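Here are my notes on this one, as promised. Keep the viewer open while you read, and look up each residue as it comes along.

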Amino acid sequence: MALAPATATVLRDGEERETPVEALARGRPDSTAPRRPGAGGRDGALGEAAVNEAALTGEPIPARRKPGDALAAGAVVEEGSLVFEATRVGRETSLAQTVLAVEQALGTKAESQRLADRISGIFVPGVILIALATGLGWLLAGQPFEAAVGPVLSVLLIACPCALGLATPTVVMVASGRAARAGILVSRAAALERAGRLDVLLCDKTGTLTEGRPEVVFFKALPGGGEPDPRVLAALRAVERPSEHPVARAIVRWCEARAAGRADGPEAERFESFSGRGVKALVGGVTVVAGSPAFVREHLAAGERLPDEADVPDAATAAAAALDGKPALLLGLGDRLRPGTAEAARALEALGVEVHLATGDRAPAARAAAREAGIAAERVHAGLRPEDKLALVEKLRGAGRRVGMVGDGINDASALAAAEVGFAVGSGTGIAMQAADITLKTPDLAKVAEAIALARASRRVILQNLGWAFGYNVLAIPVAAAGALNPMLAAAAMSFSSVSVVANALRLRRGKAVPEPAPRAEEPARAPAAGEMASLTLPVEGMSCGHCTRTVTDALRALDGVREVSVVLKPGEARVAFDPARVDRARLAEAVRKAGFKVS
């Protein structure tokens, strides 16, 4: 419950006081939410502010909350302030209900019983009976007791279940070690075995498939397009810097990156923030207004017109800026897909795993992310709250599907716990990692594909070990019972069987769990119809890490006319969707080269 604050600031008789959240009473409008994580300790709201509820809904861009709206416990007040009324307290809040669902799901999840245990439970008593029968047979045949002892010992030695006992744990140990070296931490031993049987994977969007923070994904310089004026970038940076809103911080980062150090200028004066709408300030004697298009339109000079947002991608949040009453910029902000996500989704599909997107984000943003990641539209589930994700997992499991879930937030925790296997992103919340079976040290969907492929390889080796150990004993026991095997040779043969099982398990340390795709030749851009986006794939050389892919992605997305970019580290390529009327392959390649990489 780290998201729940220990104290709240209450307003009583006109004075603010710190008080334990346990002392807050339902229906009393006396609690204020400061600007810090976990500000909402109780459900309910009175006031107005920009509130980030990503921990519960997955939506990365804060929502505006005004009088009459509900405020969930665990929300973060990003901008403004509010007074809220506690309508649900203690275990009644959304946050507490989510934690309770996680606890219940963890308590009811059954661990699979090892196949080796079942075989050993039958095999060991059977061997003892066979050994007794062997000795009795030799005695009934008229042989002396000393002669009967040898075959009995040989049967017991050759049938010693060491190999059966080693068949599974050695594989699990080797596979877990290999997974750990790859950044895949297995917290429950049975999880690796279950992962190999998955046929459906539910993926959270924000922070799992995407970067988890808003970024400028579209811009249009006004009135004529082209590159934005450095003076506009400097003014916009100055007016947005005092704001605490995540969108404002994203715009500041974009201005600084776009201007390449030329965005310095005078600081903002007479700064005004209009909660949930925009900001206004005086920069170098120029009145700068930035915020939602509707807010900017209210501050335009007579006769000036801000274009509509038709050019802004559906998944993006539109923003605009005006200088001295004249439109200067139209922006679109969204959550970018992590590099390599599309390829990881294809790898999972190649393994026979259906990839679904389950997110609390808006449907347009969910569909856009799914389209870029290559996830089928019918497998997109948008607008889901934590209880909806849990219900989706239970519905699919009830239909006989083997369901995995990958997520990073408290809104994913109950679904992670209820899934056959839960994969938590290491950068996520503690409760998500506690609920999950497997933790990914890096937010890379390809690690899930690697874990599933490794689990399947492990299962094959386990079955090979069990088959070898059991078959070896079945064939050797009659030979030992007939007296054709000296006890010393039986002991050596038993040791050889155990060594063979261990050696077979160690094969998992070598090779690749998921084969790397072969490099592809460049895909030429076909002639697009009027108004249609073109696409091509650029082979990029010199990338060696995630930072490299990010650098190439930013370099390409900074070009006017580029709509979508997906950069894959291996085999080393950049897939670009662009407007051919505004940018061509030569400019794309030149942007990659300026970023320090080669285009072959």
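1. Is Trp254 buried or exposed? Trp254 is buried, with a relative accessible area of 10%. The cut-off for calling a residue buried is under 20%, so Trp254 makes it onto the buried list. Keep in mind that what you are looking at is a predicted model.

2. Now look for the ring partner. The structure holds one aromatic pair. Its members are Phe219 and Trp254, with ring centres 5.4 Å apart and planes at 50 degrees, so the pair is described as tilted. Why tilted? Planes under 30 degrees apart would count as stacked and planes over 60 as edge-to-face, so anything else is tilted. Phe219 sits in strand 9 (residues 210-221) and Trp254 in helix 10 (residues 246-259), so the pair ties together parts that are 35 residues apart in sequence. Phe219 is buried as well, at a relative accessible area of 6%.

3. Phe219 also leads you to Asp560, because Phe219 is among the residues that Asp560 touches, once you leave out those up to four places away in sequence. The others are Gly226, Glu227, Arg258, Arg582 and Val583. Asp560 lies in the loop between helix 19 (546-557) and strand 21 (562-568). What is its side chain doing? The side chain of Asp560 makes a polar contact with the side chain of Arg582, at 2.4 Å. Asp560 is in a loop, yet it counts as buried, with 10% relative accessibility.

4. Here's another loop residue to click on: Leu306, between helix 11 (293-297) and strand 13 (317-323). Leu306 counts as buried, at 4% relative accessibility. Leaving aside residues up to four places away in sequence, Leu306 touches Leu222, Pro293, Val296, Arg297, Leu300, Ala320 and Pro327. You can also check a distance: the C-alpha atoms of Leu306 and Leu329 are separated by 9.1 Å, and the two residues are 23 apart along the chain.

5. Leu222, one of the residues touched by Leu306, has something to show you in its backbone. The peptide bond from Leu222 to Pro223 is cis, with omega near 10 degrees. Pro223 belongs to the loop between strand 9 and helix 9 (230-240).

6. Next, follow strands 10, 11 and 12. Strand 10 (residues 268-274) and strand 11 run antiparallel and are joined by five bridges. Strand 11 also pairs with strand 12 (residues 286-291), again in the antiparallel sense, over six bridges. Val283 is a handy landmark: in strand 11, it is the bridge partner of Ala268, and it also stands opposite Val286 in strand 12. How covered is strand 11 (residues 278-283)? Mostly: five of its six residues are buried.

7. The turn from strand 11 to strand 12 deserves a look too. This hairpin has two residues between the strands, and Gly284 there takes a positive phi near 60 degrees. Which residues other than glycine have a positive phi? One of them is Arg270, with phi near 50 degrees. Arg270 lies in strand 10 and counts as exposed, at 69% relative accessibility. Asp324 is not a glycine either, and has a positive phi of about 50 degrees. You'll find Asp324 in the loop between strand 13 and strand 14 (326-337), where it is partly exposed, with a relative accessible area of 45%.

8. There's an open sheet to trace as well. Seven strands form it in the order 7-19-18-17-8-15-16, and the pairing is mixed. Strand 7 (184-186) and strand 16 (380-381) stand at the edges with a single partner strand each, so one side of each has no neighbour in the sheet. Inside the order, strand 18 (residues 421-425) and strand 19 (residues 438-440) run parallel and are joined by three bridges. To find the spot, look for Ala424, which stands opposite Thr439 in strand 19.

9. Finally, zoom out. The chain has 20 helices and 23 strands, and 51% of its 600 residues are buried. Take the contacts between residues at least 6 apart in sequence: 67% of them join residues at least 24 apart. The accessible surface comes to about 26400 Å², and 57% of that belongs to carbon and sulfur atoms.

Terms used. Residues numbered from 1 in each chain as written. Predicted model: local features only at pLDDT ≥ 70, side-chain atom pairs only at ≥ 80, totals over all residues. Heavy atoms only, no water. Phe/Tyr/Trp six-rings, centres within 6.5 Å; stacked < 30°, edge-to-face > 60°. Helix = DSSP H or I, 4+ residues; strand = E, 2+ residues; numbered from the N terminus. Buried < 20%, exposed > 50% of the residue type's maximum accessible area, 1.4 Å probe, protein only. Pairing = 2+ DSSP bridges. Contact = heavy atoms within 4.5 Å. Areas by Shrake-Rupley, 256 points an atom, 1.4 Å probe, with all protein chains shown as cover. Polar contact = N/O pair within 3.5 Å; in protein donor to acceptor, adjacent residues only side chain to side chain.
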